[in-house]
2 protein chains.
Amino acid sequence: MNSTPAISKKKLPARNITDEQKLYDLADLFKVFGDSTRLRILYCLFSKEQCVKEIAQMLHMTHSAISHQLRYLKQNKLVKTRRSGQTIVYSLADKHVQTIFNQGLSHVSEGK
Amino acid sequence: MNSTPAISKKKLPARNITDEQKLYDLADLFKVFGDSTRLRILYCLFSKEQCVKEIAQMLHMTHSAISHQLRYLKQNKLVKTRRSGQTIVYSLADKHVQTIFNQGLSHVSEGK
DNA sequence: TTGATATGTGAATATATGTTCATATATTAC
DNA sequence: GTAATATATGAACATATATTCACATATCAA
């Protein structure tokens, strides 16, 4: 995984193409949010921007696993980066990320 | 799949258990939304309640595939059912479903 | 340059997931 | 009861996914 952006490959019923395609894009977006490691990474970035090493330490995971997921998050435009000397600092790409996150969280929190 | 509700099985870092657990529940929620077939089924249910056969016809898919996904959606409390004679009619479980759907859709629509 | 540190990445592995097929269950009509 | 219709489900299969491992790349300091 992680080598290309999420792309749904199923065939469309060839009707209402635009709306249908949006559903596939939407599925891809939720797919990115549908993994606890990625959510935990995003959660780390809510408070402040962080580098790979910091996130890896916070989550007790290898830098490799984090790096793979960060690449995936970046490909799907949920995080952005800036270089600061040796380290590359990751942060949330836009406010939508936290909005969608919180929307889901409130749903989960009130026990559906 | 489809035999049990989505449950993330990864081990927790044993800190802040409550919040951490919520992240796993949240990942499971997004996982349900992260498939285009399920989104298309939900989309069918936005306008009105539908039975398996109707949905299968609308999406040009087998009743089996739809039934499996509807079971998954029901297990995760996104749809509910009522029986009407021979047919079982599915509908959205609550307003949250459409809210989360639309939240993601607006994100996708404005090109991230 | 060399060494140390931070991050990236391809390949391999193990697991998870979605769909199909065949069959089972449930309701209704007769 | 049987037949017809609607839905459910277990098993098998193919694909997708997340993580680990080993190694590559990049920056900085001396």
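About 3800 Å² of area is buried between chain A and chain B in this predicted model, and carbon and sulfur atoms give 65% of that area. Each chain brings a sizeable list of residues to the contact: 41 residues come from chain A and 41 residues from chain B.

Which elements of chain A give two or more residues to the side that touches chain B? They are helix H1 (17–33), helix H2 (36–47) and helix H5 (95–109). The largest share comes from H1(A), with 12 residues. If you sort the residues on this side of chain A by character, you get 16 nonpolar, 12 polar and 13 charged.

Charged residues are present on that side, then, yet the count of salt bridges between chain A and chain B is 0. As for polar contacts between the two chains, the count is 1 residue pair, with both residues at pLDDT 80 or more.

**How the two copies are related**

Now for the arrangement of the pair. Chain A can be laid on chain B by a turn of 180° with a shift of 0.0 Å along the axis, and the RMSD is then 0.1 Å. That is the relation of a two-fold axis. The interface tells a matching story: 100% of the interface residues of chain A are also interface residues in chain B, so the copies meet through the same surface.

**Inside the chains**

Over all chains, the count comes to 4 salt bridges. One of the salt bridges joins the side chains of A:Asp28 and A:Lys31, at 3.6 Å from N to O. Both A:Asp28 and A:Lys31 lie in helix H1 of chain A, 3 residues apart, which is about one turn of the helix. Helix H1 of chain A is also the element with the largest share of the side that touches chain B.

In chain B, a residue to look at is B:Phe46, which lies in helix H2. Leaving aside residues up to four places away in sequence, B:Phe46 touches B:Leu92, B:Gln98 and B:Phe101. By contrast, the C-alpha atoms of B:Phe46 and B:Ala65 are separated by 20 Å, with the two residues 19 residues apart along the chain.

**Around DNA strand C**

DNA strand C is surrounded by 28 residues, and the closest are A:Tyr90, B:Thr37, B:Arg38, B:Ser64 and B:Gln69. Of the atoms of DNA strand C that come within 4 Å of the protein, sugar and phosphate account for 61%.

Both chains help to form the surface near this strand. From chain A, helix H3 (52–59), helix H4 (63–75) and strand E3 (87–92) each supply at least two residues, as do helix H2 (36–47) and helix H4 (63–75) of chain B. The largest share, 5 residues, comes from H4(A). By character, the residues of this surface divide into 6 nonpolar, 14 polar and 8 charged.

What do the side chains of B:Thr62, B:Gln69 and B:Gln86 approach on the strand? The table gives the distance from an N or O atom of each side chain to an oxygen of DNA strand C.

| Side chain | Oxygen of DNA strand C | Distance |
|---|---|---|
| B:Thr62 | phosphate oxygen | 3.5 Å |
| B:Gln69 | phosphate oxygen | 2.4 Å |
| B:Gln86 | base oxygen | 3.1 Å |

So you can follow B:Gln69 from the list of closest residues to its phosphate oxygen partner at 2.4 Å, while B:Gln86 is placed with a base oxygen.

Note on methods. Residues are numbered from 1 along each chain as its sequence is written. Chains are lettered from A and ligands numbered from 1 in the order in which they are written. This is a predicted model: local features need pLDDT of at least 70, side-chain atom pairs count only at pLDDT 80 or more; totals for chains, interfaces and linings use all residues. Side-chain values use heavy atoms; hydrogens and water are left out. A residue is near a molecule or strand if one of its heavy atoms lies within 4 Å of it. A polar contact is a pair of N or O atoms within 3.5 Å; within protein, one must be able to donate a hydrogen and the other to accept it, and residues adjacent in sequence count only if both atoms are side-chain atoms. Helices (H or I, at least four residues) and strands (E, at least two) are DSSP runs, numbered from the N terminus. Ala, Val, Leu, Ile, Met, Phe, Trp, Tyr, Cys and Pro count as nonpolar, Asp, Glu, Lys and Arg as charged, and the others, Gly among them, as polar. Copies are superposed by least squares on the C-alpha atoms of residues with pLDDT of at least 70 in both. Contact means heavy atoms within 4.5 Å. Buried area is the accessible area (1.4 Å probe) that two parts lose on being put together, summed over both.
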